[in-house]
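Trainee: Please take one part of this structure and go through it closely. I would like the helix packing and what lies beside it.

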Amino acid sequence: TERQDAQAVNGTAADQNGETGSGETAANEETSAASGTVDSAENQETAVETAGAAQDLMFSEATIMELPVTGTVLIPYNMENTVYFPTLDLYQCNPGVVFSAAEGTPVLAAADGEVVSVENDARTGLTVTMNLGNGYEAIYGQLTDVSLEAGQKVQKAARIGAVAAPTKYYVKEGSNLFFEMKKDGKVSRRTWLAIVLLLLIVPVLLYISVRIFHGRKYLLCSLILVVAAMLPFFMMFEGRKPKAREIMVISVLAAIGVAGRAAFFMLPSFKPVAAIVILTGVSFGGEAGFLVGCMIMLLSNMFMGQGPWTPWQMFAFGLIGFLAGILYRVGILKARKADLCVFGFLSVFLIYGGIMNPAGVLMSYGYITKESLIANYISGAPVDLVHAASTVIFLWVLSRPLLEKLERIKRKYGLIQD
């Protein structure tokens with residue numbers, strides 16, 4: 001009710017004044033418990049049981065939200081232009097809103113939601129992420145006194161914690177609440193179009209390279225494949241011109257992959273390429289992952305040796321990056337070490353090996369038989385296992401630092417935001 005929401009925002013009269021023994025106080029305490037205030041274990045349990053219990057989470061752009069904290073806007077949201085951060089002494093994009101608030105100020109749920117995670121973040125301290133439904137998420141940072149756990153449901157205007165002392169990233173700004181809204185969980189139309197484009201053009205191109213050109217026009221086929229990979233990538237910008245810094249990041253990631261492959265040239269199949277491609281897809285989307293995978297193999301083969309295998313390698317690594325981006329987008333693949341390592345092992349062994357082994361038969365004989373395919377898979381299994389194991393090692397070592405740096409760059413410059 002409106003009365004419950006108002007009392008959850010302002011605090012009940014009993015909480016503020018410490019009144020006891022009157023019928024009004026009892027009514028206020030009952031209403032506070034019903035609104036999901038988590039000042040005590042009993043009230044927290046009430047918030048969990050009642051919030052959203054009678055209805056599914058159906059957040060939309062028309063939903064009226066509650067202000068999460070009483071305070072002024074210290075740093076506004078801006079992903080088009082940079083804003084100034086005093087502590088960091090630099091201008092960068094801000095994906096959320098930073099509210100100025102004194103330490104201990106109650107932080108309220110902006111809308112009905114279900115707790116996804118309660119984690120410590122170097123930048124935003126103790127951070128609560130809530131699923132609001134329909135792909136929307138609310139993120140509350142710089143918190144303390146949080147008693148929630150993943151899976152709990154919290155009602156709009158329920159107390160979820162209090163404002164904590166600022167992290168080292170916000171020392172000059174003072175104590176504050178970081179609040180961000182995200183819209184995830186759905187594959188965009190351009191991604192579906194990219195899937196159709198890649199599944200139509202690339203297989204036809206690979207077939208032509210073997211059946212018509214007999215592997216002799218591999219450079220031409222590789223260049224056409226790069227163009228096919230660039231089309232979905234530039235569709236990401238939806239009518240606007242891509243910024244030079246966005247292209248630069250993708251170029252640097254491709255260069256890192258090329259350098260990484262060259263650095264381990266003495267160890268056959270022990271390469272970081274798949275790891276770089278997967279992390280690119282997770283951080284910047286499937287289209288970027290596909291392009292980086294294609295570029296790494298085209299450029300690195302200029303040193304390792306070009307051949308009819310080049311377009312096949314480009315397609316295999318590109319597909320791994322594209323799939324990583326899609327699975328992360330819909331929430332199946334999480335940006336955790338264990339999840340990424342499992343995906344890396346399976347994708348390299350099943351996708352890369354599953355493409356390159358038949359390709360080897362085609363490039364050798366021009367046609368595929370059951371016997372030759374089985375023989376190639378058996379002989380290629382040890383190589384694929386080494387490749388998959390090396391991907392696990394590189395993901396375990398690189399995933400966290402590289403994803404953190406890429407996220408920092410995305411936030412600072414507002415890169416490739418969906």
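Mentor: Contact here means heavy atoms within 4.5 Å. The model is predicted. Let us begin with helix H8, residues 273–284.

On the H8 side, Ala274, Ile278, Leu279 and Val282 meet H11. Their partners in H11 are Leu340, Phe343, Gly344, Ser347 and Val348. This contact counts seven nonpolar and two polar residues, with no charged ones. The axes of H8 and H11 lie 11 Å apart, at an angle of about 120°. Angles over 145 degrees would count as roughly antiparallel, and 65 to 115 as roughly perpendicular. H8 and H11 are therefore oblique to each other. Their crossing is right-handed.

Now turn to H8 and H12. Here the axes are 9 Å apart and the angle is about 35°. This crossing is right-handed too. H8 brings Ala274, Ala275, Ile276, Ile278, Leu279, Val282, Ser283 and Phe284 to the contact. H12 answers with Thr391, Phe394, Leu395, Leu398, Ser399, Leu402, Leu403, Leu406 and Lys410. By class, that makes 13 nonpolar residues, three polar and one charged. Note that Ala274, Ile278, Leu279 and Val282 of H8 meet residues of H11 and also take part in the contact with H12.

Next, the pair H11 and H12. Helix H11 covers residues 337–365, and helix H12 covers residues 370–413. Their axes come within 7 Å and cross at roughly 150°. An angle over 145 degrees counts as roughly antiparallel. H11 and H12 are therefore roughly antiparallel to each other. The crossing of H11 and H12 is right-handed. Their contact has 19 nonpolar, eleven polar and three charged residues.

H11 and H12 also help to line a pocket. It is the second largest one, with a volume of about 480 Å³. Helix H9 (286–304), helix H10 (310–329), H11 and H12 each supply at least two residues of its lining. H12 gives the most, with six residues. In total, 21 residues line this pocket. Nearest its centre lie Ser269, Gln313, Tyr352, Val383 and His387. Of these, Tyr352 falls in the range of H11 and both Val383 and His387 in that of H12. Gln313 falls in the range of H10. The lining divides into ten nonpolar, eight polar and three charged residues.

To recap: H11 and H12 cross at roughly 150°, H8 packs on H12 at about 35° and on H11 at about 120°, and H12 is the main contributor to the lining of the second largest pocket.

Note on methods
Residues are numbered from 1 along each chain as its sequence is written. This is a predicted model: local features need pLDDT of at least 70, side-chain atom pairs count only at pLDDT 80 or more; totals for chains, interfaces and linings use all residues. Side-chain values use heavy atoms; hydrogens and water are left out. Axes are lines fitted to C-alpha atoms, for helices over the stretch in contact, and angles run from 0 to 180 degrees between N-to-C directions. Helices (H or I, at least four residues) and strands (E, at least two) are DSSP runs, numbered from the N terminus. Angles under 35 degrees count as roughly parallel, over 145 as roughly antiparallel, 65 to 115 as roughly perpendicular and the rest as oblique. A crossing is left-handed if the near helix is turned anticlockwise from the far one by less than a right angle, and right-handed if clockwise. Ala, Val, Leu, Ile, Met, Phe, Trp, Tyr, Cys and Pro count as nonpolar, Asp, Glu, Lys and Arg as charged, and the others, Gly among them, as polar. On a 1 Å grid over the protein atoms alone, a cavity is a set of points where a 1.4 Å probe fits but cannot get out, and a pocket is an open set with protein on both sides within 12 Å along at least five of seven lines; lining residues have an atom within 4 Å of a point. Grid points are joined across faces, edges and corners, and a volume is the space filled by probe spheres set on the points.
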